[in-house]
Amino acid sequence: MSNASPHNAGGPSLLDRLPASIFPRVTGLHAAALIIAILLIGLLIIPVFQVIYVAFLDPNTGALTLQNFVDFFRTSLFRESFWNSFYVSAMSVVFATVIALPLAYITTRFNFAGSVVIQSLGFIPLIMPPFVGAVAMQLIFGRNGTVNLLMEEKFGINIPFMEGLNGVILVQSIHYFPFILINLSTSLRNIDRSMEEAAQNLGSQGMRLFRRIVFPLAMPGYVAGAALVFIKVFDDLGTPLLLNVNNMLAPQAFLRISSIGISDPMGYVISFILVAFSIFSLWASFLVMRGKDYSTVQKGGGGLSRRDLRTGEKIAAYAVVAFILILVLSPHIGLTLLSFATIWSFAPLPDGFTLQNYVVMWENSKQFITNTVIYAGIAAVLDVIIGTAIAYIVIRTGIWGRKSLDYLATAALAVPGVVLGIGYLRVFHSIDIPFTDKPMASWWVIIALALMIRRLPYALRACTAALQQVSLALEEAAESLGATKGSTIRRIVIPLMSGGILAGFVTSFATAAVELSATIMLVSSESDAPLAYGIYLFMQTPSGRGAGAALGVVAVIIVGLGTFLSQLMIERDKKFKSTDQSH
Amino acid sequence: MTNQMVGIEINDLHLSFGETEVLTGVNLDIQPGEFFAFLGPSGSGKSTLLRSIAGFGPTPQGSIRIGGRDVVNLPPWKRNVGMVFQSYALWPHMSVRDNVGFGLKERKMPASEIAPKVDAALELVGLTHLADRMPNQLSGGQQQRIALARTVVVEPEVLLLDEPLSNLDASLRVQMRRELLALQRKLGLTTIFVTHDQEEANTTADRMAVLDKGVIQQIGTPQVLYDTPENLFVAEFLGTANILGGQVESDGGAKRFRTSAGDVLPLSDGHEGAGSIVLRPQNMQIVDQAGADTLPGTILHREFMGSQVRYIVRTSGTEMIVDQFHHVGHDWRDTGSDVHLKVNTNEAVIVAS
């Protein structure tokens with residue numbers, strides 16, 4: 001495309017004269033779409049299908065077979081792992097519901113001063129990767145942890161909160177309950193008040209009203225949250241690994257591949273099961289949600305009617321909220337205490353406090369932190385570039401197959417980190433790093449690319465939302481004033497999307513920085529390891545726990561700050577754009 | 001900033017969104033310097049037609065010649081057609097000055113030449129003092145003027161206005177349409193104005209085209225379209241029209257119109273055959289005496305509208321709207337009373353039904 005001014009443009013060029021239907025214009029956008037499609041196929045589709053394919057291959061003959069699955073279910077350890085993973089996921093959903101339901105109900109039904117606290121409380125657990133808090137939870141709720149030591153002293157009882165699977169369930173439900181809380185609260189808040197009033201008008205009240213009207217209307221939101229919790233727990237590798245619970249699916253896949261090697265078929269069978277469950281849960285929740293968007297249509301009709309609490313109820317409500325608050329914050333409190341502790345063992349609280357752990361952490365983890373910044377930085381930059389390009393191609397162009405780019409990128413949500421890691425090992429161990437003869441599978445760039453694929457769906461959502469806020473007329477105005485497509489994108493579209501793009505960058509960066517499940521598979525040497533892997537290494541020895549906790553605090557600060565900044569940018573962007581809503 | 005004035009010729013333009021055809025065989029000849037309006041209900045294709053002149057939307061079949069140059073296959077940025085958008089489309093991340101200077105910068109004009117041109121454009125719309133504001137600090141009317149300044153500063157060959165007044169409140173709308181017309185006359189820019197509001201079109205346009213279902217129904221001055229509509233759609237879309245179906249007959253040398261109900265009105269002229277007579281509410285008087293040019297009727301309803309009184313009269317099988325001037329001391333007709341409608345048939349129009 002030439003940049004010629006219409007003043008001296010003598011007439012349309014030959015290219016412009018050709019009818020577009022016969023000679024489709026090949027533009028930079030077509031090239032970009034093609035490159036992105038190749039990237040997504042190479043870095044997501046091929047590795048995942050390779051994993052699934054190998055699960056059906058006879059390891060010796062290379063023939064297609066179901067024998068691996070037969071072997072899998074014949075081995076008692078795998079059967080046990082399968083049921084354990086299922087049990088832990090289901091129980092985590094149950095406990096997460098027990099935590100989330102009262103909070104959602106209290107904030108949406110009553111005039112409750114603590115609502116603001118609950119709203120922010122809902123986000124706090126999410127800013128800590130669950131595996132980071134796992135060790136701290138052991139010190140508080142474990143057999144010789146704070147709570148049990150105190151209870152033994154007072155009542156002579158010891159409750160196995162953290163024994164085996166219980167520990168995983170406790171840590172996971174405390175970490176993931178916000179997914180249910182947020183979805184359920186949104187559903188409840190979106191119920192049209194008149195629906196409740198209509199039921200009351202027809203004579204329904206109390207629990208009956210709740211059961212017949214409120215609960216069914218809030219159900220889609222709950223199911224969406226619960227399905228998400230189930231998948232996340234089912235796929236998670238870090239938490240069971242840190243708690244030394246190995247008889248679950250994800251840890252088994254990791255252990256088989258890391259100890260026996262990438263030719264062992266069991267790792268692939270497990271991967272297949274993980275992917276199948278992910279897709280099944282997403283599909284099931286999609287089925288439940290379909291056609292059930294009950295949110296209110298009229299303005300000002302949102303939310304159930306709220307009533308004031310009586311004094312007794314108020315005390316009860318505050319007690320419940322305080323109890324949950326302490327429970328939910330315990331990993332953070334434990335982690336902070338541990339990071340400043342001299343020695344903390346067989347005692348309710350640490351023996352003394354010191355800054356030594358931070359010094360040790362800093363001396364030993366400079367490499368981890370540098371690696372993290374490099375990997376997460378590369379991943380997040382690529383994420384927003386690809387996210388912006390996909391968003392523009394899907395929303396603003398008619399390029400053939402554009403929707404499939406969106407679907408491909410979003411499909412990464414259904415791929416557990418362990419599976420992606422195994423897929424990369426399998427695919428890239430036979431391809432050499434350019435200009436060397438070392439396999440790509442041990443190259444650090446692969447870690448960054450895995451993180452990029454894992455976080456792409458989030459960045460894509462942020463970029464899509466940002467572009468949807470840019471009115472098409474703003475672009476057309478630029479084009480009618482002589483700006484080419486490229487110039488319009490550069491001078492109008494990107495600047496107007498900048499808030500959303502930055503928010504997407506920060507979210508991707510912060511969450512990629514603490515990702516463990518894919519990276520743990522791909523780290524080939526300690527010098528290539530990122531922060532999350534560093535925490536895992538520190539936590540392996542009792543003497544390293546203090547420094548590990550200190551590094552964990554760094555991780556929490558990174559994610560917390562990132563979340564805060566991206567919220568800030570989205571808010572700022574909304575105010576800035578208020579002019580566009582004037583009509 | 002006066003331009004070499006150019007005309008627009010559109011020949012047999014067809015445009016489809018997928019299966020649905022939104023413009024069918026549009027032919028149009030807009031004179032250099034003319035203020036032209038596209039008038040039609042929503043979905044009539046008037047905005048689509050305007051956008052295809054600017055180069056937005058799917059590529060149409062047929063030709064669009066601006067100053068003799070066919071632009072159908074040109075991208076928007078090569079057309080030099082200025083467009084003011086319904087939402088104004090001011091870029092919220094740029095100051096007023098940067099918004100107005102955008103097109104000049106795209107034309108690679110040096111900054112030293114841009115500044116005086118931007119100042120001149122802002123002066124033209126009377127908003128020089130707002131140059132350093134951001135768009136969200138401006139009122140609707142100010143945004144509208146900045147959008148106009150931003151468009152005319154690049155000296156386009158043609159100015160396109162897409163419902164430019166629809167986002168303003170009623171009093172500002174009247175003021176802005178006068179300003180728009182004054183500005184157009186001053187710049188001598190060939191201008192097309194899209195609106196669904198007949199008053200806006202009537203008060204500003206030299207000529208206008210009435211569109212319905214992607215087809216141009218009639219082209220002409222506002223007065224010609226109102227007085228001599230060529231079909232029922234134009235008759236009913238412009239102002240209030242009473243329609244009586246029937247046919248034109250010849251009685252010896254004299255022509256007359258026989259309604260479907262059998263009532264007869266004398267005509268001065270007309271082609272024989274089936275047709276409809278279009279009567280404006282002010283084309284009839286309510287009288288007591290029957291005559292050769294009256295229709296018998298009953299008053300069904302009465303509305304006092306200030307300067308006039310509107311009666312709904314049942315006559316010849318139809319309900320007719322009849323407006324009578326209101327004078328102090330004049331008695332109103334009562335509902336239910338039997339009256340006669342005197343029809344000024346020389347003001348009436350016969351259209352094919």
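Select B:Gln247 and B:Ala274 to begin: B:Gln247 stands opposite B:Ala274 in β14(B). Strands here are DSSP runs of E of at least two residues, helices are runs of H or I of at least four, and both are numbered from the N terminus. The model is predicted, with local features needing pLDDT of at least 70 and side-chain atom pairs counting only at pLDDT 80 or more, while totals for chains, interfaces and linings use all residues. Residues are numbered from 1 along each chain as its sequence is written, and chains are lettered from A and ligands numbered from 1 in the order in which they are written.

**Chain B, residues 242-279**

Widen the selection to β11 (residues 242-251) and β14 (residues 273-279) of chain B. Seven bridges link these strands in the antiparallel sense; two strands pair if DSSP finds at least two bridges between them. Next add β12 (residues 254-259) of chain B, which runs antiparallel to β11(B) and is joined to β11(B) by six bridges. Pick B:Asp251, whose bridge partner in β12(B) is B:Ala254. With two residues between them, β11(B) and β12(B) form a hairpin. In that turn, B:Gly252 has a positive phi of about 70°.

**Chain B, the open sheet**

Move to the four strands β2-β1-β4-β5 of chain B, listed in sheet order; the sheet is open and its pairing antiparallel. β2 (20-30) and β5 (69-70) of chain B are the edge strands, each pairing on one side only. Strand β4 (residues 61-66) of chain B is antiparallel to β5(B), and two bridges join them. To find this pairing, select B:Ile66, which stands opposite B:Arg69 in β5(B).

Now show α1 (residues 46-54) of chain B. This helix lies across β1 (8-17), β2 and β4 of chain B, and runs at about 65° to β2(B). Such angles run from 0 to 180 degrees between N-to-C directions, with axes fitted to C-alpha atoms, for helices over the stretch in contact.

**Chain B, Arg333**

Select B:Arg333, in the loop between β18 (318-325) and β19 (338-343) of chain B. Is B:Arg333 buried, exposed or partly exposed? B:Arg333 counts as partly exposed because 16 C-beta neighbours lie inside 10 Å; 20 or more other C-beta atoms within 10 Å would make a residue buried and 12 or fewer exposed, with C-beta atoms placed from the backbone. Leaving out residues up to four places away in sequence, B:Arg333 touches B:Ile286, B:Ile299, B:Arg302, B:Tyr311 and B:Val339. Contact here means C-beta atoms, placed from the backbone, within 7 Å. For a distance check, add B:Glu34: the two residues are 299 apart in sequence and 46 Å apart in space, C-alpha to C-alpha.

**Chain A**

Switch to chain A, which has 23 helices and two strands. Its C-alpha trace spans about 95 × 75 × 50 Å along the principal axes. Buried residues make up 45% of its 583 residues.

Colour by domain: the assignment, automatic or from a database, gives domain 1 (24-53 + 355-577) and domain 2 (69-295 + 311-351) of chain A. Their centres, taken over C-alpha atoms, are separated by 26 Å.

Finally, show where the domains meet: 34 residues of domain 1 of chain A are in contact with 33 residues of domain 2 of chain A. On the domain 1 side, the elements giving two or more residues are α2 (28-55), α17 (417-428), α21 (517-522), α22 (531-539) and α23 (545-576) of chain A. Eleven residues, the largest share of that side, come from α23(A).

Technical notes. Contact = placed C-beta atoms within 7 Å.
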